[in-house]
Amino acid sequence: MAPRLRLVWVLAAAVVLVVAGCGTSADPETWDEAEQDRRYVSEGFDSAVEKNFIDSCELANTRNLTEPEARVLCRCSFDGLRDSLTLDQFKSLDKALRENPNPSDLEDSPEVLWDDTAEDILRTCAARVDS
């Protein structure tokens with residue numbers, strides 16, 4: 001697959017990983033609270049939110065990427081989103097993308113989160129995979 005085409009496809013597939021990212025019964029309000037959930041530490045995850053994101057991302061992206069490529073994409077994306085968004089912002093973007101998986105159709109705050117933050121993170125991570 002041509003690098004430019006692959007980058008575009010990986011970026012599109014990355015949206016799927018954001019959509020599936022959240023989901024923990026404790027419903028934490030901050031990343032620190034999320035990391036108090038230690039159920040998945042032995043598996044190398046700091047929280048259920050992280051585990052759900054990485055697992056869903058890898059599942060969504062191993063159809064067209066190798067497992068190592070999907071792992072790089074998913075880890076990079078989660079780390080970037082975690083470092084750039086509050087957990088509430090992450091959940092807001094996740095919810096908006098679940099309701100409308102096309103980022104260009106987002107409105108208001110989720111659109112700003114996508115345009116100003118998430119798209120750049122996913123593009124950067126997709127480029128890592130594509131290099």
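A residue counts as exposed when its relative accessible area is over 50%, as buried when this area is under 20%, and as partly exposed in between. With that in hand, welcome to a short tour of this predicted model.

**View 1. Aspartate 32 sits in helix 2 and is exposed.** The relative accessible area of aspartate 32 is 55%, so this residue passes the cut-off of over 50% for exposed. Look next for aspartate 46, which is 14 residues away from aspartate 32 along the chain. In space, the C-alpha atoms of these two aspartates are 9.7 Å apart.

**View 2. The whole protein is built from 6 helices and 0 strands.** If you follow the chain from its N terminus, the elements read α-α-α-α-α-α. The protein has 131 residues, and 44% of them count as buried.

**View 3. The largest nonpolar core brings together 30 residues.** Good places to begin are Val49, Leu81, Phe90 and Leu93, the residues with the most contacts inside this core. Which helices each supply at least two residues of the core? They are helix 2 (31-34), helix 3 (48-61), helix 4 (67-84), helix 5 (87-99) and helix 6 (108-130). Helix 6 makes the biggest contribution, giving 7 residues to this core.

**View 4. A salt bridge joins the side chains of arginine 82 and glutamate 35.** The N to O distance in this pair is 2.7 Å. Arginine 82 belongs to helix 4, while glutamate 35 is in the loop between helix 2 and helix 3, so the salt bridge ties together parts that lie 47 residues apart in sequence. Is arginine 82 buried, partly exposed or exposed? Its relative accessibility is 22%, so arginine 82 counts as partly exposed. This pair has company, for the model's salt bridges come to 7 by count.

**View 5. Within helix 6, arginine 123 and glutamate 119 form a salt bridge.** Their closest N and O atoms are 3.0 Å apart. The two residues are 4 apart in helix 6, so about one helical turn separates them. Arginine 123 is partly exposed at 37% relative accessibility. Glutamate 119 is partly exposed too, with a relative accessible area of 23%.

**View 6. Glu43, Lys51 and Asp55 are joined into one network by salt bridges that share partners.** One of the links runs between glutamate 43 and lysine 51, whose closest N and O atoms are 3.7 Å apart. Where does each partner stand on accessibility? Glutamate 43 is partly exposed, with a relative accessible area of 46%. Lysine 51, in contrast, is buried, with a relative accessible area of 14%.

**View 7. A patch of negative charge gathers on the surface.** Its members are Asp105, Glu107, Asp108, Glu111, Asp115, Asp116 and Asp120. Where does glutamate 107 lie? You will find glutamate 107 in the loop between helix 5 and helix 6. At 58% relative accessibility, glutamate 107 counts as exposed.

**View 8. Arginine 75 lies in helix 4 and is partly exposed.** The relative accessible area of arginine 75 is 29%. How many residues along the chain separate arginine 75 from glutamate 50? The answer is 25, and the C-alpha atoms of the two are separated by 9.2 Å.

**View 9. Aspartate 130 has its place in helix 6.** With a relative accessible area of 21%, aspartate 130 is partly exposed, since buried requires a value under 20%. The residue to compare here is glutamate 69, which is 61 residues away in sequence from aspartate 130. From C-alpha to C-alpha, aspartate 130 and glutamate 69 are 8.5 Å apart in space.

Terms used:
Residues numbered from 1 in each chain as written. Predicted model: local features only at pLDDT ≥ 70, side-chain atom pairs only at ≥ 80, totals over all residues. Heavy atoms only, no water. Core = buried A, V, L, I, M, F, W, Y, C linked by side-chain atoms within 4.5 Å. Buried < 20%, exposed > 50% of the residue type's maximum accessible area, 1.4 Å probe, protein only. Patch = residues over 30% accessible without salt bridge, like charges linked within 9 Å, V, L, I, M, F, W, Y side chains within 5 Å. Areas by Shrake-Rupley, 256 points an atom, 1.4 Å probe, with all protein chains shown as cover. Salt bridge = Lys/Arg side-chain N within 4 Å of Asp/Glu carboxyl O. Lys, Arg positive; Asp, Glu negative; His and termini not counted. Charge placed at Lys NZ, Arg CZ, Asp CG, Glu CD.
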